[in-house]
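Open the model in your viewer and keep the selection tool at hand. The tour starts at one side chain and works outward.

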Amino acid sequence: MNERRTLRLVSLIEGVSLLMLLLVAMPLKYALGYPVAVRIAGSVHGVLFLAMLSAAFRAALERSLSSRAVLRVLALSVVPFGFVLADRILRGGAEPERS
């Protein structure tokens, strides 16, 4: 699997984990009084975010994506449903950087 596909997969999983944190764990904590839900979902999301940072760093080092595309994907990773737009970038819009 190349770096772009790896980043695309990790970005998708990380985006879904962010939605689970915001749409499932947070209501469980504040509406039903289960703070452990945020602790678990937050920990999983944190690990996946670090994995995405690692995949983005590898994609930038291997020049399978331009620096601008990597920065856009990382910026979109902190926005709920941003992984949908990031997927469009990673599917093929951004060309490799030439040097």
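Select Val 73. Leaving out residues up to four places away in sequence, Val 73 touches Leu 7, Ala 86, Ile 89 and Leu 90. Contact here means heavy atoms within 4.5 Å.

This is a predicted model: local features need pLDDT of at least 70, side-chain atom pairs count only at pLDDT 80 or more, and totals for chains, interfaces and linings use all residues. Numbering runs from 1 along each chain as its sequence is written, and side-chain values use heavy atoms, with hydrogens and water left out.

Next, add Leu 7, Leu 65, Ile 89 and Leu 90 to Val 73. These five have the most contacts inside the largest nonpolar core, which has 14 residues. Such a core is a set of buried Ala, Val, Leu, Ile, Met, Phe, Trp, Tyr and Cys residues joined through side-chain atoms within 4.5 Å. Buried means under 20% relative accessible area, with a 1.4 Å probe and protein chains only.

Which helices supply this core? Color H1 (3-32), H2 (35-61), H3 (67-76) and H4 (82-93): each gives at least two residues. Helices are DSSP runs of H or I, at least four residues, numbered from the N terminus.

Now select Leu 21, Ala 37, Val 38 and Ala 41. They are among the 5 residues of another core, apart from the 14-residue one.

Zoom out. The chain has 4 helices and 0 strands. Its C-alpha trace spans about 55 × 20 × 20 Å along the principal axes. Of the 99 residues, 34% are buried. For contacts with a separation of 6 or more, 72% join residues 24 or more positions apart.

Notes: Buried means under 20% relative accessible area, exposed over 50%, partly exposed in between (1.4 Å probe, protein chains only).
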